[in-house]
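Trainee: Hi! Could you walk me through this structure? I'd love to start with a helix.
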Amino acid sequence: MKRALLGVVALAAAAAAAASFAPAQVTVGAPAADAILERVDRNAVAGNRVAVSEMVIRGRRDSRSVKAKSWIQGADKSFTEYLEPARERGIKMLKLGDQLWTYSPDTDRTIAISGHMLRQSVMGSDLSYEDMMEDRTLRQAYGARVTGEETVLDRPCWVLELAAKVGDAAYAARTIRVDKERFLVLKEERFAKSGKLLKTFEVRAVRRIGDRWVPTESVFRDALKSGEGTVFKIETVEFDAAIPEALFTKASLRK
Amino acid sequence: MIRFLFKGILRDRARSLFPLLVITAGVFLSVALYGYIKGVELDIVRSNADLRHGHVKVVTRAYAKDVDQIPNDLALTGAAALIRDLRLAYPDTDWLPRILFGGLLDIPDAAGETRAQAPIAGFAADLRSPGSPEIGLLGLKKILASGRLPEKPGDILISAELAGRLKIGLGEKATLIGYSMHGSMSLANFTVAGTVRFGFQALDRMGVIADVADVQNALDMEDAVGEVLGVFRDGLYRQDRADIVARAFNARFAGSDDEFLPVMQTLRDQPGMALILDRIGDSTAIIIGVFFLVMSLVMWNAGLLGTLRRYGEFGVRLAIGEDKGHVYRSMIVEALLIGALGSIAGTVLGLAVSFYLQVHGIDISGMMKNVTFLMPTVLRARVTPASFVIGFVPGLLATFIGTAIAGRAIYRRETARLFKELES
């Protein structure tokens with residue numbers, strides 16, 4: 001959820017072999033793709049944040065809403081507690097580096113999520129646990145090239161094509177539109193190695209909070225599912241919040 | 001004449017014993033093979049009907065399209081009302097709510113941490129409602145290896161093989177990690193009430209059975225079920241009957257294209273079942289047909305030989321004034337008598353073996369290690385009404401034809417040559 005919380009971050013999940021792109025295709029006058037990614041990453045990765053968010057999951061049959069509060073520290077620690085609906089209330093998730101646990105109060109069990117379970121949906125949304133687990137910056141995971149310009153949300157954007165440069169990236173390629181001024185990713189497609197479209201992301205609303213631009217409403221869509229996507233809304237976010245270190249322990253899941 | 005011929009058969013064993021033995025053996029093999037093949041056929045159909053598909057099945061239209069993926073997000077909602085309607089409309093059919101589910105079975109240690117974990121293939125049925133036929137249909141009492149059947153909320157049965165792999169004992173807690181109807185991960189605790197041996201390799205590897213109400217609760221499927229199976233109370237699958245029921249049900253929803261409306265399908269409509277049913281039917285017909293042809297030839301040959309051996313007798317009977325037509329007819333009646341006696345004896349023996357195989361079966365589990373579809377590991381014969389009469393086809397017909405053809409020699413018999421033959 002941390003990635004989604006940061007908006008741009010939810011898009012981040014891999015890296016690219018920039019050297020493999022032909023220079024002739026690079027847009028004339030554009031800044032270096034790597035420099036754009038560096039600005040995107042800098043905007044996305046913050047220190048401590050506490051946020052309350054809502055996911056509206058618009059499935060094939062009906063729509064439902066899931067509310068959660070997240071405590072996030074840096075790029076690799078997060079703790080999330082689900083608040084609504086009643087059935088999900090009290091479910092907690094803890095991410096420490098590349099490990100993820102979930103706790104269910106009904107069963108009083110803490111379960112490590114690993115292997116194929118990582119590819120499953122988070123609360124039935126269009127986001128997978130794998131999306132949540134990505135803690136590398138875009139620059140670390142992808143090589144990039146600027147291929148054009150587009151307008152998204154009435155904002156001029158650079159179009160960047162990213163190709164994974166690490167073997168374990170969740171997506172082999174991505175196409176992102178980055179706000180030229182705010183360096184936020186406003187729209188994205190993620191692809192498999194075969195070129196098949198896997199997921200899309202589109203920002204619907206952006207708000208300035210402190211000195212950061214935060215996408216407060218965005219839509220994720222799993223292209224392999226038949227639903228209408230998941231709307232992700234950030235209700236409140238507090239940057240540089242004080243978070244006790246004890247929260248990021250397995251023991252805190254059962255409290 | 002029949003009484004006279006019958007006495008002749010009994011008193012002149014040199015003449016009747018060999019044909020009688022051949023016919024008895026042939027009919028015995030025919031009846032036993034027929035019973036065995038019918039048993040295999042019925043077992044496969046019944047296993048698939050009772051365990052997986054029913055004779056007819058109601059799902060949503062959307063579920064039917066992706067049925068291989070067991071899409072519980074496309075399950076039937078308003079299941080209680082639907083089942084009530086079906087029971088009223090088709091009282092001669094048991095309507096059974098079922099949920100298929102996958103996931104992981106996670107066994108905790110003393111600290112609640114994962115001690116063991118394994119993938120499972122589960123199905124939920126109505127195991128606790130009074131009067132539910134599921135315990136009988138699933139044969140749970142027969143396959144129970146240890147413990148007891150589910151009686152309390154949260155009780156589950158798991159395959160004995162899976163229990164051994166997970167090192168979990170009776171009464172211990174197991175957590176199902178599955179996916180709810182809304183697609184989110186769901187955790188639910190169950191108690192292992194017993195272990196079972198399904199007799200199907202695919203289920204014995206990872207099978208779990210739970211009560212449908214518990215699984216509805218675990219997977220957030222309130223008043224929803226994946227499938228409603230219809231099993232005809234007489235236990236026999238008839239395609240024409242299933243087609244009539246399905247057509248009538250589906251006609252009620254013909255005017256709408258809502259993908260979540262229910263649709264009824266027959267056993268034959270289920271993935272792979274048409275092929276299986278056709279293969280079974282074709283194989284049965286070919287095996288029985290070829291076997292009966294061979295047996296008919298053998299018995300025909302026996303009839304021919306028996307008749308030809310009695311060439312001298314014909315001459316004597318004609319010489320003392322018996323009419324050729326009378327000799328010919330008496331030969332045929334005699335052949336029919338021998339055929340009937342042999343058919344009765346062979347049918348009795350064949351039925352006895354079929355009954356034995358119906359009760360005890362043949363265990364072929366050693367050959368089923370890698371089989372993934374529902375195929376019984378104990379093959380049993382079945383005695384059907386046809387088993388009582390099928391042996392009379394080769395037994396009577398072939399003997400009759402053999403004698404009728406060979407007996408034509410009677411009309412070519414010349415009494416003038418008889419004494420020369422007798423002198424030599």
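Mentor: Happy to! In α3(A), the buried residues are A:A33, A:I36, A:L37, A:V40, A:N43 and A:A44. They lie on the same side of α3(A), because the arc they cover around the axis is only 125°. Keep in mind that this is a predicted model.

Trainee: Is there a general reason for that kind of spacing?
Mentor: Yes, an α-helix has 3.6 residues a turn, so residues three or four places apart point the same way.

Trainee: And how many residues does α3 of chain A have?
Mentor: Helix α3 of chain A has 12 residues, 33–44. From its first C-alpha to its last it reaches 16 Å, close to the 16 Å expected at 1.5 Å a residue.

Trainee: What else is in chain A, helices and strands I mean?
Mentor: Chain A has five helices and 13 strands. Of its 255 residues, 45% are buried. Among its contacts with a separation of 6 or more, 54% are between residues 24 or more positions apart.

Trainee: How do the strands go together? Which one pairs with β1?
Mentor: One partner is β2(A), residues 63–73, which pairs with β1(A) in the antiparallel sense over 11 bridges. These two strands form a hairpin with four residues between them. Within the pair, A:I57 stands opposite A:R64.

Trainee: What does β2 join next?
Mentor: β2(A) is joined by seven bridges to β3(A), residues 77–84, and the two run antiparallel. For example, A:S70 has A:T80 as its bridge partner in β3(A). Their hairpin has three residues between the strands, and A:G74 takes a positive phi near 60° there.

Trainee: Where does β13 come in?
Mentor: Strand β13(A), residues 229–239, pairs with β1(A), residues 48–58, in the antiparallel sense over 10 bridges. There A:V56 stands opposite A:V231. β13(A) is also joined to β12(A), residues 212–222, by four bridges, again antiparallel. A:S218 and A:F232 are bridge partners in that pair, and the hairpin of β12(A) and β13(A) has six residues between the strands.

Trainee: Switching topic: what is the confidence like in chain A?
Mentor: The average pLDDT of chain A is 82, and 87% of the residues score at least 70. Over residues 1–26, though, the pLDDT is below 50. That stretch has 97 contacts in the model beyond near neighbours in sequence.

Trainee: Now the two chains together. How many residues does each give to the contact?
Mentor: Chain A gives 17 residues and chain B gives 18. On the chain A side, β5 (99–104) and β6 (109–112) each supply at least two residues. The largest share of that side, four residues, comes from β6(A). By type, the chain A side has three nonpolar, eight polar and six charged residues.

Trainee: Let's look at chain B. How far apart are the end C-alpha atoms of α13?
Mentor: They are 53 Å apart. Helix α13(B), residues 324–360, has 37 residues, which should span 54 Å at 1.5 Å a residue, so the two values agree. Its buried residues include B:M331, B:E334, B:A335 and B:I338. Just after the helix, B:G361 takes a positive phi of about 70°.

Trainee: What about B:G325, buried or exposed?
Mentor: B:G325, which is found in α13(B), is exposed, with 10 other C-beta atoms within 10 Å. B:G325 and B:R408 are 83 residues apart in sequence, and their C-alpha atoms are 9.8 Å apart in space.

Key: Residues are numbered from 1 along each chain as its sequence is written. Chains are lettered from A and ligands numbered from 1 in the order in which they are written. This is a predicted model: local features need pLDDT of at least 70, side-chain atom pairs count only at pLDDT 80 or more; totals for chains, interfaces and linings use all residues. Two residues are in contact if their C-beta atoms, placed from the backbone, lie within 7 Å. Ala, Val, Leu, Ile, Met, Phe, Trp, Tyr, Cys and Pro count as nonpolar, Asp, Glu, Lys and Arg as charged, and the others, Gly among them, as polar. A residue is buried if 20 or more other C-beta atoms lie within 10 Å of its own, exposed if 12 or fewer, and partly exposed in between; C-beta atoms are placed from the backbone. Two strands pair if DSSP finds at least two bridges between them. The expected span of a helix is 1.5 Å times one less than its number of residues. The arc is that of the directions from the helix axis to the C-beta atoms. pLDDT is the predictor's confidence in each residue, from 0 to 100.
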